[in-house]
Amino acid sequence: MSTGAHGNRPTRNQQREAARAKAKELRESQQKSDKRRKLFIQGGVAVAVIAIAAIFISTIATSAPKEGPRPANMASDGIVLSGADMAAVLSEAGSPGADPVANQQMLGTSTVAIQVYEDYLCPACQAFDKANAEQLQTLVEAGAATLEIHPIGMLANNSAGTKYSLRSAAAAACVANYSPDTYWKVNQAFYANQPQEGTPGLNDDEITALIDAQKPQNQSKIDKCIKDKTFIPWATKATDYALNGPMAQAAKDSGANGVGTPTILVNGKVYTGSIVDSKEFLAFITQVAGESASTTPATPAAG
């Protein structure tokens, strides 16, 4: 009698044991596969995070203002005009990225120090200049006042993305650096050719042509300075410094709700009168001059 294949068939217990072993093998294989997949996903996420972080850091590095050179003759971030022909008071450029050094006001003298923080895109600044430029020039040339002009880019975002305010302030710094005695003429030319807010404003070639028309010294150096955007980092930092420093303090002293251009100080006192009334402004200058003249420095004790 033949037993056939039945004699070699595994018993039920052997079949169950084999099934359990196979199931265990499949589970272990699945667990290993899941672990590999998890590690792969984690690795991919880590690489992605690193890549995103690198892009973010790179973006911050390229968008953040870099330290750049400071213009000569603007130690305070402003240029001081004094005496005949609105000549500039010369000063060293200082180290790149250094903070400005405020000019010392000589109280008790007959000369008042007038400071104007202005933006070449600001209509109110243009209105102040139109009403008071001739009067200011007369006072400075007569030796009754010095005029310290601080060009800033407060309205840099109001020129359809071209940042005209910063570019014009930086171009003015090129003039201060290479042809300081031409600054007043250039200042007046900027206001005579002021673009409207919200427009792209003058491009760099048009700014260069405007300045060249004033026949500055070192014209080719000024042209290159504008083309290379040499003082854009300085203009950016000077704007931030002015808005958060002197202009913020002026707003606080005058009780204003916020900073704005033009901000005008006479011997450190904030002018809050009409910017288009030259008589009112002159009366304020005269009043401050009288107060300062009556202030006499303390006499040092004999030692």
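# Strands, helices and the terms applied to them

Me: What makes β1 and β4 a pair, and in which sense do they run, parallel or antiparallel?

Reply: Three bridges join β1 to β4, and the two run antiparallel. Two strands count as paired if DSSP finds at least two bridges between them, so three bridges satisfy the criterion. Within this pairing, V80 has E148 of β4 as its bridge partner. The model is predicted, so local features need pLDDT of at least 70 and side-chain atom pairs count only at pLDDT 80 or more, whereas totals for chains, interfaces and linings use all residues. Residues are numbered from 1 along each chain as its sequence is written, and side-chain values use heavy atoms, with hydrogens and water left out.

Me: Why is β2 called a strand, and which residues does it span?

Reply: Strands are DSSP runs of E with at least two residues, helices are runs of H or I with at least four, and both are numbered from the N terminus. β2 spans 87–88, so this run meets the minimum for a strand.

Me: How do you know that β1 and β2 pair?

Reply: They are joined in the antiparallel sense over two bridges, which reaches the required number. S82 is bridged to A87 of β2. Four residues lie between the strands of this hairpin, and G83 there takes a positive phi near 75°. M86 lies in the same loop, between β1 and β2; its phi is also positive, about 55°, although M86 is not a glycine.

Me: What is the strand order of the sheet, and what is its pairing?

Reply: The six strands form an open sheet in the order β2-β1-β4-β3-β5-β6, with mixed pairing. β2 and β6 (269–270) are at the edges with a single partner strand each, so one side of each has no neighbour in the sheet. A parallel pair is formed by β3 (residues 112–118) and β4 (residues 145–151), joined by seven bridges. A113 is matched there with T146 of β4.

Me: Which strands does helix α9 lie across?

Reply: Helix α9 (residues 278–293) lies across β3, β5 (263–266) and β6, at about 35° to β5. Helix α4 (residues 183–192) lies across β1 (79–82), β3 and β4, at about 55° to β4. Axes are lines fitted to C-alpha atoms, for helices over the stretch in contact, and angles run from 0 to 180 degrees between N-to-C directions.

Me: Why are α3 and α4 called roughly antiparallel?

Reply: Helix α3 (residues 164–178) packs on α4 at about 160°, with the axes 9 Å apart. Angles under 35 degrees count as roughly parallel, over 145 as roughly antiparallel, 65 to 115 as roughly perpendicular and the rest as oblique. This angle therefore makes α3 roughly antiparallel to α4. The crossing is right-handed, a term for the near helix being turned clockwise from the far one by less than a right angle, with anticlockwise giving left-handed. Contact (heavy atoms within 4.5 Å) involves Y164, S168, A171, A172, V175 and A176 of α3 with Y183, V186 and F190 of α4. Eight of these residues are nonpolar, one is polar and none is charged. Ala, Val, Leu, Ile, Met, Phe, Trp, Tyr, Cys and Pro count as nonpolar, Asp, Glu, Lys and Arg as charged, and the others, Gly among them, as polar.

Me: How do α3 and α7 stand to each other, and what makes that so?

Reply: The axes of α3 and helix α7 (residues 232–244) come within 8 Å and cross at roughly 110°. The two helices are therefore roughly perpendicular. Their crossing is right-handed. α3 contributes L166, R167, A169, A170 and A173 to the contact, and α7 contributes I232, W234, A235, T236 and T239. By class there are seven nonpolar, two polar and one charged residues.

Me: What makes the link of C174 and C225 a disulfide?

Reply: The S to S distance is 2.1 Å, and a disulfide is a pair of cysteine sulfur atoms within 2.5 Å, so the pair qualifies. The link is left-handed, with -75° about the S-S bond. It ties C174 in α3 to C225 in helix α6 (residues 219–227), 51 residues apart in the chain. The structure holds one disulfide.

Me: Which residues make the contact of α3 and α6?

Reply: A171, C174, V175 and Y178 of α3 meet K221, I222, C225 and I226 of α6. Seven are nonpolar, none is polar and one is charged.
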